[in-house]
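Subject: Structure handover

Hello,

Here is the structure for you to look over. My notes on what was found follow below it.

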Amino acid sequence: MRVGRIGMVFAMAGVLGTAAAGSARAAVARGRAAIIHPHAVGDRPRTAPLHRRGDVSRPPADSHDGRPGRWQVVTVDRSPEEVLAVSARPEPLRRLGGGVEVTVRPAPGGRGTELAARPVPGAAWPGLAAHLLGDDSALLVRRTLWQVKQLVEAGEQLRADRPPDERAANQPGDSWLPPADRPAR
Amino acid sequence: MRALCWAPGGELSVRQVPDPELRNDQDMIVQVRLSATCGADLPLLAGGVTGLAAGDVLGREFVGDVVEVGPAVRRHRAGDRVVVCASVACGACWYCRHGLPSCCDNGNTDPAEAEAEWGHPVAGGFGQPRAAGGFAGSHAEYVRVPYADFGAFTVPEAIGDDRAVFASEAAPAGWMGAEGGEVRPGDVVAVWGAGAVGQLAARAAWLLGADRVVVVDRHPARLLMARQHSGAETIDLRHTDVAAELRELSGGRGPDVCVEAAGGLATEHRSLAGRFAGRTRMPEAIREAVYACRKGGNVVVLNSGARFVDAFPVGAAVHKGITVRGARPHGQRHIPMLLDRMARGELRTEHLATHHFPLERAVEGYALFRDRPEECLRAVFTPQEP
């Protein structure tokens, strides 16, 4: 099950179905990393090096020279099988569509699964992702990975209380009253 | 409902705000019985950049009654009297499963933002700046509790509200100081700060078998309280050489464990040049603890307000082989044990609530807490009038 830091990666579908997810799960179950490539729907996984152990230098987080940017990685405290239970591209990573490459591999020391993603240079981001992207695709990818991790580990995506400005929109000044169908506590 | 709200400049007011609502399946709503002030709130009252928005509700340590539970809550039901851990943690990530819930990966609504602040996301918290997750505080009639099964604990009947409220954070923080310092039977333990956390760190050191516990502070009334309720010897730092006193009290060795629970901000500057250079003043207590600690001993820093500090005595730490450990309380791990000790009478905390106010007078309570530390150790607020 153990994989060295030289991860082996596999190319697969952009938005994968359960069959592809099964291939990815099988790959990581064999102790390898799976890469979920955005433009090869239905392909069999293929291997490619993720990075070399001896050379730890990386391109900048948000490369603008056509090279792929730095991998954003989170460790999910669950097995790869659980991380990929529904799809090889778990929600909400799925909404980034073909804009990112995704890899998964077992984390060392039984710490679960290393889930990595990075923007694909020049890729067209789907509507909502393009809207959210702004100038920092790396941050969007990172936020999305954290969301995946939270969904897998905690079972839901934690929401903040409504902020004061949102409250203010509902209640001018201090004279807020609860709706009639909900008793005031 | 009514709540104590923050406004720019550090002004406070009790205002009408919307009731909290269930936002996640693991949430519950608690009707607050008692909510305590905390030293960590004081920087928020000092103005400047706090990360709060006008209208944010303050308060982080509280006890109350469950009034509504989300569909995924299993351990609680309406009517339960609970104390709620001041930090928000999921109970399901690697850190929570390894007994480090204050390091939780999923206790924040925007972990990526928290990463920018601390390098990694940490547990969220109630009534704190938005970077702590955006969870409204407990100086209110009602509060929403995320991850309720992991962060809320039913209070045994034998424990009154005045005691239970300190199981929320002050008692876990004090315990963290002693446990993080690896206090062993026979140890000499020194605690800087005779506030609620310092006194409870001293008590925890006793319970873990320390032979001698010494509390250092500048306020005689707090030192008296530490002697009466924590069984500690005390040093008034205004009148003596603290390091020399500690050497004398520890056979010349220095304390085995030093716990910094003095709080305070590292925002003062020694000089104009230091201010321009962005240098900040090392909180004296941490420096003193490192110098006083015996060779090979442990120093635990509980001050969460110290963000960037300069002039840290690295040389003393290296040459004496000292371990310096920072810690926020792992409340979710310690609260059940602390409630047991409270129920058995081993841990009494009522005396820490020196002033009681109805929530409507919370502004007055905070003014007292901030401006008259000699007199007011902790002010507690009662949102529901009896």
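**Cysteines**

Across all chains, the structure holds zero disulfides. Cys103(B) is in none; its nearest cysteine sulfur belongs to Cys93(B) and lies 8.8 Å away. Keep in mind that this is a predicted model. The cut-off for a disulfide is 2.5 Å between the two sulfur atoms, and the 8.8 Å from Cys103(B) to Cys93(B) is the figure to set against it. Cys103(B) counts as partly exposed because its relative accessibility is 29%.

Cys376(B) is unpaired because the closest cysteine sulfur, in Cys38(B), is 12 Å from its own, too far for a bond. Is Cys376(B) buried or exposed? Cys376(B) has 0% relative accessibility, so it counts as buried.

**The interface of chain B and chain A**

The contact draws 47 residues from chain B and 29 residues from chain A. Together the two chains bury about 3,400 Å². Of that area, 44% is on carbon and sulfur atoms. Which residues of chain B lose the most area to chain A? They are Pro18(B), Arg23(B) and Trp94(B), which together make up 19% of what the chain B side buries.

Now the polar side. There are six salt bridges between chain B and chain A. One salt bridge joins Arg144(B) to Asp161(A), with the closest N and O atoms 3.4 Å apart. The interface also shows 23 residue pairs in polar contact, both residues being at pLDDT 80 or more.

Several elements of chain B each supply at least two residues to the side that touches chain A. The strands are β2 (11-16), β4 (61-69) and β8 (142-145). The helices are α1 (94-97) and α2 (111-118). α2(B) gives the most, with four residues. By type, the residues on this side of chain B divide into 22 nonpolar, 10 polar and 15 charged.

**Thr37(B)**

One more residue to look at. Thr37(B) sits in the loop between β3 (28-36) and β4 of chain B. Thr37(B) counts as buried because its relative accessible area is 0%. What does Thr37(B) touch, leaving out residues up to four places away in sequence? Thr37(B) touches Glu61(B), His139(B) and Tyr366(B), and also Phe369(B), Arg378(B), Ala379(B) and Phe381(B).

Best wishes

Technical notes
Residues are numbered from 1 along each chain as its sequence is written. Chains are lettered from A and ligands numbered from 1 in the order in which they are written. This is a predicted model: local features need pLDDT of at least 70, side-chain atom pairs count only at pLDDT 80 or more; totals for chains, interfaces and linings use all residues. Side-chain values use heavy atoms; hydrogens and water are left out. Buried means under 20% relative accessible area, exposed over 50%, partly exposed in between (1.4 Å probe, protein chains only). Contact means heavy atoms within 4.5 Å. Buried area is the accessible area (1.4 Å probe) that two parts lose on being put together, summed over both. A salt bridge is a side-chain nitrogen of Lys or Arg within 4 Å of a carboxyl oxygen of Asp or Glu. A polar contact is a pair of N or O atoms within 3.5 Å; within protein, one must be able to donate a hydrogen and the other to accept it, and residues adjacent in sequence count only if both atoms are side-chain atoms. Ala, Val, Leu, Ile, Met, Phe, Trp, Tyr, Cys and Pro count as nonpolar, Asp, Glu, Lys and Arg as charged, and the others, Gly among them, as polar.
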